[in-house]
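Work through the exercises below with the model open. Try each task before reading its solution.

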Amino acid sequence: MILQIFGQTDDLISKKLTEDLEQIYSQGHINGFSVAIVNQKGTLFEKGFGYSDKRENKKYTVHTIQNIASISKTFIGIALLKAQELGKLNLDDPINNYLPCKVMNPYFPNNSITIRQLATHTSSIKDPSRYERNGYVLKEKYNEGAKINSNFRAPDEMMELNQFLEQILNTEGKWYKKKNFLNKIPGEKFEYSNIAAGLAAVIIENATNESFIEFTNKHILKPLEMSNTGWSFEDVDFSKYSKLYLNQETELAFYRLVNYPDGGLITSSADLGKYLTELISGYGGSGKILNKDSYEELFRPTLSDVHYEKRNESAYNDEYNMGVFMGISAQGQIGHTGGDPGVATYMFFNTKTKIGKILIVNTELNKEGINEFINIWQKLEEMEMKLKIQKSK
């Protein structure tokens, strides 16, 4: 279909957006990135810019893959609702129904934590220092010429997810501390928790008798034909994987996440665009990987002012309200942001325009890099508004 916007064809609009993004890229603070704009019918625009490997002069394309940080949590939300559809769990069940080792808030031992509280970051579980100190593990011991962050652990320190969480959350664990929990009744306060997200993935495994990887492959990735997406280096074509950078010149060593469901999904903007198209379709009542009731639950705001000290009402604040691991902003944007060493990501759709946008970056953002990131996103917004005008005609 040819779009007619102010007398311009979609080719001219795409060309102008490409030129604008190339101009922003020339500022030189981001080594490589890709973008996508989608609606419920599919991809409207996608493009890669810069390099996935500067030394090898390898371009960053829409099929370049990398970890996308906390956008990954939205896949936990989909998986929880699919497990609920299959009768394997209920979101309002106590988490200890599905855990071999008991997890409770030591300040309120008689108050059960529920799965829904994990999914809305109201479980009272905090991210302890061990999350950062032991959560990142080198892919390999020697990364020639690459920077190794001080908190990156040796490959032989890799742990199973359930063991990692038990060490932190179970009273017998070597990293257990009372202060790993808020002194608040579960369900009372919002406290963003990566550890809680990992625990939700373990619950899915125990409830379904399938690994989280197997379950999400079967019910999300394969149905959406996300063939370049996976949860580990072994599940993807590593030749397509982008180098990650601490700055314009310094490569970051490849790393794994022990608590991988909270931020370790490896994908491309082309594949993630398929996923975002599905989310928009599901919001409109026509999704294919969850039923209508599940999608309504996924996107239903569950929190109020009592859960927060103060709420941020900016357009893309994904912590203003929560569905099921799905961020909801005060201005009608639904999706998630993400950040890990060498990674910055945005994925949102506008509930009014039904248009979604994706930005995946392979570089740690300094002050100038943040400005560049914002400028890129603003250009995607401009195209979204043009598409909105076209749709209204």
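The exercises cover strands, turns and salt bridges in this predicted model.

**Exercise 1. A three-stranded sheet**

Task: Find the strand order of the open sheet of three strands, and state which strands stand at the edges.

Solution:
- Step 1. The order is E6-E5-E9, and the pairing is mixed.
- Step 2. Strand E6 (152-153) and strand E9 (255-257) each have a single partner strand, so one side of each lacks a neighbour in the sheet. These two are the edges.
- Step 3. Now take the pair of E5 and E9. Strand E5 spans residues 136-138 and runs antiparallel to E9, with three bridges.
- Step 4. Check the register: leucine 138 faces tyrosine 255 of E9.

**Exercise 2. Strand E14 and its two partners**

Task: Describe how E14 pairs with E13 and with E15, and state how many of its residues are buried.

Solution:
- Step 1. Start with E13, residues 333-340. E13 and E14 are antiparallel and share eight bridges. Threonine 337 is opposite tyrosine 346 of E14.
- Step 2. Look at their connection. The hairpin of E13 and E14 has two residues between the strands, and glycine 342 there has a positive phi near 75°.
- Step 3. Turn to E15. Seven bridges link E14 and E15, again in the antiparallel sense. Alanine 344 has valine 361 of E15 as its bridge partner.
- Step 4. Inspect the second hairpin. Four residues separate E14 and E15.
- Step 5. Count the cover. Of the eight residues in E14, seven are buried.

**Exercise 3. Positive phi outside glycine**

Task: For serine 124 and lysine 354, give phi, then location, then burial.

Solution:
- Step 1. Serine 124 has phi near 80°, a positive value in a residue that is not glycine. Lysine 354 is likewise not a glycine, and its phi is about 60°.
- Step 2. Place serine 124 in the loop between helix H3 (115-119) and helix H4 (129-134). Place lysine 354 in the loop between strand E14 (343-350) and strand E15 (355-361).
- Step 3. Apply the cut-off. Buried means under 20% relative accessible area. Serine 124 has 3%, so it is buried. Lysine 354 has 24%, so it counts as partly exposed.

**Exercise 4. Salt bridges**

Task: The structure holds 19 salt bridges. Characterise three of them by distance and by the burial of their partners.

Solution:
- Step 1. Recall the principle: side chains of opposite charge can pair when their charged atoms come close.
- Step 2. Arginine 55 and glutamate 251 form a salt bridge at 2.8 Å, N to O. The pair links distant parts of the chain, 196 residues apart: arginine 55 is in the loop between strand E2 (42-53) and strand E3 (58-59), and glutamate 251 is in strand E8 (residues 251-252). Arginine 55 is exposed at 58%, whereas glutamate 251 is buried at 6%.
- Step 3. Lysine 274 and aspartate 271 have their closest N and O atoms 3.8 Å apart. Both lie in helix H8 (residues 269-283), three residues apart, or about one turn of the helix. Lysine 274 is partly exposed at 34%, and aspartate 271 is buried at 2%.
- Step 4. Aspartate 305 and arginine 311 come to 2.9 Å between their closest N and O atoms. Aspartate 305 is exposed at 54%, but arginine 311 is buried at 17%.
- Step 5. Finish with a network: salt bridges with shared partners connect Lys16, Asp20, Lys379 and Glu382.

Key: Residues are numbered from 1 along each chain as its sequence is written. This is a predicted model: local features need pLDDT of at least 70, side-chain atom pairs count only at pLDDT 80 or more; totals for chains, interfaces and linings use all residues. Side-chain values use heavy atoms; hydrogens and water are left out. Two strands pair if DSSP finds at least two bridges between them. Buried means under 20% relative accessible area, exposed over 50%, partly exposed in between (1.4 Å probe, protein chains only). A salt bridge is a side-chain nitrogen of Lys or Arg within 4 Å of a carboxyl oxygen of Asp or Glu.
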